[in-house]
Amino acid sequence: MLPVVFKVIFGALGVLSLLAAAVLVCLVTATVGLLVAYRRSGAVAWPRVAILGGAVLYSPIALVLRRLGRDGRLLDRFLIEAANRVGATAFSHAGPCRLLAVPQCLRARDCRARLDPRLGYRCVRCGKCRLGELAERAEREGFHFCIAPGDGCVKRLAKELGVDAAIGVACAAELSGAMLAGLRMGVAARGVPLASDGCFETTADLDLVKEAMAQCGGSPSR
């Protein structure tokens, strides 16, 4: 009797293994196909599939891309775009308390802003960079504006304010992880990756940031 039971168990495990392998092959095929299409068009056709495949297969896909000499930010930008699409409806209908968080590396080399441990760098709008312009726009659109020294500052401030929606600007590698975490927590968020990475005087497409602010729903929070 016991050998028969073992045969049934091993047979079931074999079937499950084959099904798991088939699902994995389908996921790999779909994810790679979506990534190739994104590289060509800049659009993600099936964002939920892209997020699932990108999250599960992140390390091996990133390794293959590096071996092929591709842009290391491609996979992260792919995931950011997918997360933006998945969260678009929630973002456009979000409540009034909003946060715009940008990294401190966007500041000018001789920036005069002082660091507030709670609120991040406080922009004095000296005109040495475009963050003063962005801060003014954020105020008009009802966003709390934060020049963050690190992601810990953003998390603390978002929790303290109880934000309904957030726009994050950061390097692609950092932002993709934050966007996926935000989706798991049900946060209405929009991500805008930096146009150039680095430790200081990086750049971002501020028109994309302004466009994201305009698309955020709810009444302005003053």
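**Exercise 1. Locate R125 and describe its backbone and exposure.**

R125 sits in the loop that joins β3 (120-122) to α6, where helices (H or I, at least four residues) and strands (E, at least two) are DSSP runs, numbered from the N terminus. The structure is a predicted model, in which local features need pLDDT of at least 70, side-chain atom pairs count only at pLDDT 80 or more, and totals for chains, interfaces and linings use all residues. Residues are numbered from 1 along each chain as its sequence is written, and side-chain values use heavy atoms, with hydrogens and water left out.

*Solution.*
Step 1: the phi of R125 is near 55 degrees, a positive value in a residue other than glycine.
Step 2: most residues other than glycine have a negative phi.
Step 3: R125 counts as partly exposed because its relative accessibility is 36%; buried means under 20% relative accessible area, exposed over 50%, and partly exposed in between (1.4 Å probe, protein chains only).

**Exercise 2. Carry out the analysis of Exercise 1 for E201.**

*Solution.*
Step 1: E201 belongs to the loop between β6 and α9.
Step 2: its phi is near 50 degrees, a positive value in a residue other than glycine.
Step 3: with 39% relative accessibility, E201 counts as partly exposed.

**Exercise 3. Characterise the surroundings of strand β1 and identify its pairing partners.**

*Solution.*
Step 1: in strand β1 (residues 98-103), 6 of the 6 residues are buried, so the strand is largely enclosed by the rest of the structure.
Step 2: consider the two faces separately. R98, L100 and V102 are buried on one side, and L99, A101 and P103 are buried on the other.
Step 3: turn to pairing, for which DSSP must find at least two bridges between two strands. β1 pairs with strand β4 (residues 143-148) in the parallel sense over 6 bridges; within β4, H144 is the bridge partner of L99.
Step 4: β1 is also joined to strand β5 (residues 165-170) by 4 bridges, and these two run parallel. I167 in β5 is the bridge partner of L100.

**Exercise 4. Which residues have the most contacts inside the largest nonpolar core?**

*Solution.*
Step 1: a nonpolar core is a set of buried Ala, Val, Leu, Ile, Met, Phe, Trp, Tyr and Cys residues joined through side-chain atoms within 4.5 Å.
Step 2: the largest such core has 27 residues, and L100, V102, L134, F145, V169, V209 and M213 have the most contacts inside it.
Step 3: at least two residues of this core come from each of β1, α6 (131-141), β4, β5, β6 (188-193) and α9 (206-215).
Step 4: take V209 as an example. Not counting residues up to four places away in sequence, V209 touches L100, L134, I167, V169 and V192, contact meaning heavy atoms within 4.5 Å.
Step 5: a second, separate core has 25 residues, including L27, L34, L74 and A170.
Step 6: as general background, nonpolar side chains tend to be buried together in soluble globular proteins.

**Exercise 5. Is T31 buried or exposed, and what does it contact?**

*Solution.*
Step 1: T31 is located in helix α1 (residues 2-41).
Step 2: T31 is buried, as its relative accessible area is 0%.
Step 3: beyond its neighbours within four places in sequence, T31 is in contact with V49, G53, G54, L57, I61 and F78.

**Exercise 6. Describe the largest pocket and its lining.**

*Solution.*
Step 1: on a 1 Å grid over the protein atoms alone, a cavity is a set of points where a 1.4 Å probe fits but cannot get out, a pocket is an open set with protein on both sides within 12 Å along at least five of seven lines, and lining residues have an atom within 4 Å of a point. Grid points are joined across faces, edges and corners, and a volume is the space filled by probe spheres set on the points.
Step 2: the largest pocket holds about 850 Å³ of space.
Step 3: its lining has 35 residues, and D151, V154, K155, E174 and A178 lie nearest its centre.
Step 4: β1, α7 (151-161), β5, α8 and β6 give two or more residues each to this lining, and the largest share, 6 residues, comes from α8.

**Exercise 7. How many cavities of 30 Å³ or more are there, and what lines the largest?**

*Solution.*
Step 1: the count is 1 cavity of 30 Å³ or more.
Step 2: the largest cavity contains about 30 Å³ of space.
Step 3: its lining consists of A83, M179, G182, L183, V187 and A189.
Step 4: helix α8 (residues 172-184) gives the most to this lining, with 3 residues.
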